[in-house]
Amino acid sequence: MSTENQAENAVSEEKNAVPKEQSEKPAKTAPPKPSKPKSSVIQIHPEGERIHPKKAEGRFAKLRIAAVLATQFVFYVIPWFNWSDRQAVLFNIPDRHFFIFGLSLGMGDLIYLALLLMICAFGLFWWTTIAGRLWCGYSCPQTVYTEIMLWIDNLVEGDRNKRLKLEKSPWNFTKIRIKATKALLIFLVCAWTGITFAGWFVPIRQFVPDLFAGAAGGGAMFAAAFYGFMTFFFAHVMREKVCLHMCPYARFQSAMFDKDTLIISYDTERGEPRGARKKTANKEDSGLGDCINCTMCVQVCPVGIDIRDGLQYQCIGCAACIDACDEIMDKMGYPRGLIRYTTEGALEHEYPESDIKKRLKRPRVAGYGAVLLVVIIAFLVGLSTRKMVEVDILKDRGVMVRENSKGWLENAYNLRIINNSENEQVMTATVKGFEEIALTGLPEGGVKIAPRQTLTIPVQVSTIPEYADKGSHPIEFTFTYRETGKADGKPTILEEEATFIGE
């Protein structure tokens, strides 16, 4: 088929998607004039039926493929990497320890995980203020897994028209075979997704063999089954309904949008009035705009909206409509960009679309950016000054004060030692506060703390009764630790305050 016929028959191709009863309904009025484009809109996706988007091809489709591959490389592959003889990234909830490559965080370091979450949140807010819903269109897990399910649909059932025809066809061996093949592929994707998800929280190199041997832990198996099922439910069963009805981000994004936020828009000034025409037709003589009303932008939309109706919260910014429209514009010999990434301010000619500085010099961008920068600095400073070994001194409330065998007054304490490092540490301790004071309970040569281990050691501090009259007295513990096998290395010193209770 020639390029001219392709463009001329773009509308007739869509008639395959119109329900039979709708297509057979006789027209009650004369065909609308080109100057009234809304009356010629075709219902592409009947309400209540599953949306079968047409496969879009173009520069933004390639970007989406790259984004899917990049995000899924991180999700599926990173857990298999090793770092210092352990899994590179592991959120080990049973052992209450988290590893992110060279970063080792214990329960006392949850503040850093909280800061990471804040960085992600404010980063998303800042990015949304500048670039709209590009996150939704390219990197959101719902979008990514829905895209994977659509790949499976296209691979097994064919493009949109073939899928629609298959849905309407009666059940026979061919249809059962196709549906069973698709179900098997979807099951494998969802099952491996669930297994990988569990592998972020338990060592995946041990979990996978144990799973197939039936020896995996119940908690990890439940996590894998639950996440795999939710992937199937959201990405295959619900699909666009999650974006349309369930996603909270779509609702509160308006608080971050303004006239200078990047969005996908249809250029009404250039496209209207819309109407079908031959490629050889003179656009100026017909009085029509650039939009030929082919509905390709609607056919490729994964959430089933018509971008020509203006900005809508359901739009996820995936740019499938841009690729489809650009292809039609190329066939008609019109300039690209009838549907494009732009801003409302640029569409209203308040400033050139190329004026990026205008979009960046805004109070919202500066506000979110400032908060994001502060959180990042706090995170980096906190990490750089973090103590690899921490000691908490806990007074034994069961024994406030007692007399030991030497006749000295004695207080009991529990030292909780946390080794956040990847290496074994040896720690010694001293105490000061009185002219005569003694610390007992620690082994000779110091305490050895294994990597990522938390120890609780009972110790006693005693002094001559004359030095400790009734009430509390300040004392200070000094802890010295160094890595095992590095006796020549410079030790690290920690000082912690405590109180001694006298008679």
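**Exercise 1. A hairpin and its turn**

Find the residue with a positive phi in the hairpin of strand 2 and strand 3, and follow the pairing on both sides of strand 2.

*Solution.*
Step 1. Two residues lie between strand 2 and strand 3 in this hairpin, and phenylalanine 101 has a positive phi near 55°. Keep in mind that this is a predicted model.
Step 2. Strand 2 and strand 3 (residues 103-106) run antiparallel, with four bridges joining them. Isoleucine 100 has leucine 103 as its bridge partner in strand 3, and histidine 97 is bridged to glycine 106 of strand 3.
Step 3. Now turn to strand 1 (residues 89-92), which pairs with strand 2 (residues 97-100) over four bridges, in the antiparallel sense. Here phenylalanine 91 stands opposite phenylalanine 98 of strand 2.
Step 4. The hairpin of strand 1 and strand 2 has four residues between the strands, and its arginine 96 takes a positive phi near 55°.

**Exercise 2. The two ways out of strand 3**

Sort Leu103, Ser104, Leu105 and Gly106 by the way they point from strand 3, and decide whether they are buried or exposed.

*Solution.*
Step 1. Leu103 and Leu105 point one way from the strand, while Ser104 and Gly106 point the other way.
Step 2. All of these residues are buried, and buried here stands for under 20% relative accessible area.

**Exercise 3. An open sheet**

Work out which strands stand at the edges of the sheet with the order 11-9-13-14.

*Solution.*
Step 1. The sheet is open and built from four strands, with antiparallel pairing.
Step 2. Strand 11 (447-449) and strand 14 (492-502) each have a single partner strand, so they stand at the edges and one side of each lacks a neighbour in the sheet.
Step 3. From one strand to the next, the twist averages 30°.
Step 4. Inside this order, strand 9 (residues 425-432) and strand 13 (residues 471-483) run antiparallel and are joined by eight bridges. Methionine 427, for instance, has tyrosine 481 in strand 13 as its bridge partner.

**Exercise 4. Leucine 69 at the surface**

Is leucine 69 buried or exposed, and which residues form a nonpolar patch with Leu69?

*Solution.*
Step 1. Leucine 69 sits in helix 4 (residues 59-77).
Step 2. The relative accessible area of leucine 69 is 54%. The cut-off for exposed is over 50%, so leucine 69 counts as exposed.
Step 3. Ile65 and Trp151 join Leu69 in a nonpolar surface patch, and together they have about 270 Å² of accessible area.
Step 4. For a distance check, take leucine 69 and valine 144: they are 75 residues apart in sequence, and their C-alpha atoms are 9.2 Å apart in space.

**Exercise 5. The nonpolar core**

Which residues have the most contacts inside the largest nonpolar core, and which helix gives the largest share of this core?

*Solution.*
Step 1. The largest nonpolar core has 41 residues, and Ile264, Ile322, Ile339 and Tyr341 have the most contacts inside it.
Step 2. Elements that each supply at least two residues of this core include helix 4, helix 6 (134-138), helix 12 (240-246), strand 4 (263-266), helix 17 (320-332) and strand 5 (339-342).
Step 3. The largest share, eight residues, comes from helix 17.
Step 4. As background, nonpolar side chains tend to be buried together in soluble globular proteins.

Note on methods:
Residues are numbered from 1 along each chain as its sequence is written. This is a predicted model: local features need pLDDT of at least 70, side-chain atom pairs count only at pLDDT 80 or more; totals for chains, interfaces and linings use all residues. Side-chain values use heavy atoms; hydrogens and water are left out. Patches are made of residues with over 30% relative accessible area and no salt bridge: like charges are joined within 9 Å, nonpolar side chains (Val, Leu, Ile, Met, Phe, Trp, Tyr) within 5 Å. Accessible areas come from the Shrake-Rupley method with a 1.4 Å probe; for residues, only the protein chains shown count as cover. A salt bridge is a side-chain nitrogen of Lys or Arg within 4 Å of a carboxyl oxygen of Asp or Glu. Buried means under 20% relative accessible area, exposed over 50%, partly exposed in between (1.4 Å probe, protein chains only). Two strands pair if DSSP finds at least two bridges between them. Axes are lines fitted to C-alpha atoms, for helices over the stretch in contact, and angles run from 0 to 180 degrees between N-to-C directions. A nonpolar core is a set of buried Ala, Val, Leu, Ile, Met, Phe, Trp, Tyr and Cys residues joined through side-chain atoms within 4.5 Å.
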